[in-house]
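Please work through the exercises below with the sequence and the coordinates side by side, and try each task before reading its solution.

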Amino acid sequence: MAREHGTNADGHVQGADYVRAGTDYLQRRTLRRGAAGWLLLAGLGVSYVISGDFAGWNYGIAEGGWGGLLIATVLMGTMYLFMVLGLAEMASALPATGAGYGFARRALGPLGGFATGTAILIEYAIAPAAIAVFIGGYVEALGLFGITNAWPVYLACYALFVGIHLWGVGEALRVMFAITAVAVVALVVFAVGMVPKFDPGNLVDIAPTGAAGASAFLPYGYAGILGAFVFGIWFFLAIEGVPLAAEEARDPKRDMPRGIIAGMAVLLVTGFAMLLLAPGGAGASALADSDNPLPHALREAYGGSTLLADVVNYVGLAGLVASFFSIIYAYSRQLFALSRAGYLPKWLSVTGRRKTPYMALIVPGTIGFLLAAGVGDGDRLINIAVFGATASYALMMVSHIVLRRREPGLERPYRTPGGTVTTGIALVLALCAVVATFLVDVVGAAVAAVIFAVFLAYFWFYSRHRLVADAPEEEFALVEKAESELN
């Protein structure tokens with residue numbers, strides 16, 4: 001076990017203590033190389049997010065009305081687009097499974113890297129629980145199996161899809177791609193069905209309140225725009241997870257930028273189509289609190305249950321399943337990277353015969369199931385996930401700005417259009433979104449902040465004294481540090 005915990009101290013660097021791992025340490029923590037090209041990476045990006053088109057975004061209508069949600073989605077879409085352009089550059093320059101943690105580690109040191117990785121982990125561990133709740137809502141709406149309490153659905157989802165990931169990454173990515181394709185077909189069918197029912201008046205059918213700036217377009221006033229940020233984010237949440245596949249990509253320096261940008265382009269089209277057509281056909285007020293808004297919109301628009309609504313309801317499950325399935329991949333790789341580097345317990349990153357990190361799949365999956373069954377509130381779970389996401393976005397954009405200014409000579413196969421101006425805009429919008437999580441649900445945001453603080457305390461008092469110098473993300477940073485000192 002001495003080899004597992006590390007030997008040959010590597011010294012005290014940037015406030016952390018490093019050891020060299022034993023000879024078998026990284027061999028027991030190896031992922032399968034070359035499993036994904038750029039098209040699969042783009043499919044992975046869409047798969048992460050596509051559930052946001054099927055459920056969750058509509059809660060923003062209850063916060064800001066359709067107009068408030070529209071403005072919030074435009075702003076958050078801008079944030080994501082600009083952030084993706086920054087991530088494309090960093091992923092091509094620093095291709096490793098740690099992704100956001102690795103970028104921030106290079107730019108901000110061990111504490112900044114761990115804070116970023118932990119925020120991402122909160123997002124990815126909580127988001128599947130929220131999606132599981134929505135899957136349960138779709139199943140209950142269909143009356144399948146006579147289910148009136150959805151916890152067996154949550155259990156079945158986690159057991160089945162964690163199991164497929166344990167089978168192997170290449171197989172899992174292909175299954176994800178196929179499910180995502182089915183989900184996109186469901187969105188197209190929905191759009192075709194709603195176009196004839198579209199009426200602009202339906203978008204503004206909520207009566208204005210007495211809030212400052214209230215109107216038919218903004219029934220809850222200016223404050224409703226900020227409150228809707230959390231749900232505008234749901235159209236794009238988790239696209240930033242594509243770089244987590246860096247060590248399993250065929251040519252990460254070339255494929256990462258192409259994959260993440262292509263995925264973002266698809267999501268912009270599908271997100272704005274749903275935002276316009278669903279409330280435009282059914283009425284904004286009808287969808288404000290629905291847990292299955294697309295089938296609900298069709299039933300409202302056509303005056304009752306129809307074959308089209310049933311088809312979208314059934315096939316729409318594919319969209320929810322696609323994101324649920326793919327974010328399991330994301331949380332396992334983020335946890336794997338943090339564990340391999342010693343920030344979190346090292347046993348979480350051990351890989352099995354099929355080169356999958358089995359404990360990094362099973363442990364968060366168990367926690368997610370318990371949250372879905374225990375909380376059962378998709379709205380609150382979304383808010384907790386968004387807190388983690390937006391905190392990580394702010395840190396990653398700071399990392400891009402720092403790396404551009406401190407390491408101008410770093411090889412960058414792809415460069416962000418607009419440079420630090422682009423990522424600076426994304427940073428400001430991300431900070432606004434962090435504030436919005438407290439306006440929407442102060443309890444949920446506070447819970448997320450406390451979890452974040454506990455992780456940081458764990459790092460400060462324990463794991464920073466036990467980091468592994470051989471982990472790729474740490475090696476990148478340590479080599480750069482040594483070279484800068486020599487120069």
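The exercises that follow concern a predicted model, and each one is a task with a worked solution.

**Exercise 1. The largest pocket**

Task: Determine which residues are the closest to the centre of the largest pocket, and which helix gives the most to its lining.

Solution: Begin with the pocket itself, for which a volume of about 420 Å³ is computed. Its lining is made up of 22 residues, and those closest to the centre are Leu121, Ala125, Ile367, Ile451 and Phe455. Next, assign the lining to secondary structure: helix 5 (100-142), helix 13 (358-375), helix 14 (378-406) and helix 16 (442-461) each supply at least two residues. Among the contributors, helix 16 gives the most, with six residues. Finally, sort the lining by chemical class, which yields 20 nonpolar residues, one polar residue and one charged residue.

**Exercise 2. A nonpolar patch on the surface**

Task: Identify which residues make the nonpolar surface patch, and state whether Val447 is buried, partly exposed or exposed.

Solution: The patch has an area of about 380 Å² and is made by Phe438, Val442, Val443, Val447 and Ile451. Helix 16 gives the most to this patch, with four residues. Val447 is found in that helix, and with a relative accessible area of 38% the residue is classed as partly exposed. Ile451 deserves a second look, since this residue of the patch is also named among those closest to the centre of the largest pocket.

**Exercise 3. Salt bridges between distant parts of the chain**

Task: For the pairs Glu89 with Arg412, Arg105 with Glu474, and Lys253 with Glu411, work out which parts of the chain are tied together and how the partners are exposed or buried.

Solution: As background, side chains of opposite charge can pair when their charged atoms come close. With a cut-off of 4 Å between nitrogen and oxygen, the count for the model comes to ten salt bridges.

- Step one takes Glu89 and Arg412, whose closest N and O atoms are 2.9 Å apart. Glu89 lies in helix 4 (residues 59-93) and Arg412 in the loop between helix 14 and helix 15 (419-440), so this pair ties together parts that are 323 residues apart in sequence. Glu89 counts as buried at 2% relative accessibility, and Arg412 counts as buried at 10%. These two residues are also linked with Arg404 in a network of salt bridges.
- Step two takes Arg105 and Glu474, whose side chains meet at 2.8 Å, N to O. Because Arg105 lies in helix 5 and Glu474 in helix 17 (residues 472-486), the pair ties together parts that are 369 residues apart in sequence. Both Arg105 and Glu474 are buried.
- Step three takes Lys253 and Glu411, which form a salt bridge with an N to O distance of 3.9 Å. Lys253 lies in helix 9 and Glu411 in the loop between helix 14 and helix 15, so the pair ties together parts that are 158 residues apart in sequence. Lys253 is partly exposed, with a relative accessible area of 35%, whereas Glu411 is exposed, at 53%.

**Exercise 4. A backbone angle to check**

Task: Explain what is notable about phi of Ala238, and state where in the chain this residue is found.

Solution: Most residues other than glycine have a negative phi. Ala238, by contrast, has a phi near 95 degrees, which is a positive value in a residue other than glycine. The residue is found in the loop between helix 8 (223-233) and helix 9 (252-282). Its relative accessibility of 0% places Ala238 in the buried class.

**Exercise 5. Sequence separation and distance in space**

Task: For Cys157, Ala159 and Tyr18, state in which element each residue lies and give one C-alpha distance for each.

Solution: Cys157 belongs to helix 6 (residues 151-167) and counts as buried at 8% relative accessibility; its C-alpha atom is 8.9 Å from that of Ile135, with their positions 22 residues apart in sequence. Ala159 also has its place in helix 6, but counts as exposed at 54% relative accessibility. The C-alpha atoms of Ala159 and Leu40 are separated by 24 Å, and these residues are 119 residues apart along the chain. Tyr18 lies in strand 2 (residues 16-20) and is buried, with a relative accessible area of 1%. From Tyr18 to Leu287 the C-alpha distance is 53 Å, at a separation of 269 residues in sequence.

Methods
Residues are numbered from 1 along each chain as its sequence is written. This is a predicted model: local features need pLDDT of at least 70, side-chain atom pairs count only at pLDDT 80 or more; totals for chains, interfaces and linings use all residues. Side-chain values use heavy atoms; hydrogens and water are left out. On a 1 Å grid over the protein atoms alone, a cavity is a set of points where a 1.4 Å probe fits but cannot get out, and a pocket is an open set with protein on both sides within 12 Å along at least five of seven lines; lining residues have an atom within 4 Å of a point. Grid points are joined across faces, edges and corners, and a volume is the space filled by probe spheres set on the points. Ala, Val, Leu, Ile, Met, Phe, Trp, Tyr, Cys and Pro count as nonpolar, Asp, Glu, Lys and Arg as charged, and the others, Gly among them, as polar. Buried means under 20% relative accessible area, exposed over 50%, partly exposed in between (1.4 Å probe, protein chains only). Patches are made of residues with over 30% relative accessible area and no salt bridge: like charges are joined within 9 Å, nonpolar side chains (Val, Leu, Ile, Met, Phe, Trp, Tyr) within 5 Å. Accessible areas come from the Shrake-Rupley method with a 1.4 Å probe; for residues, only the protein chains shown count as cover.
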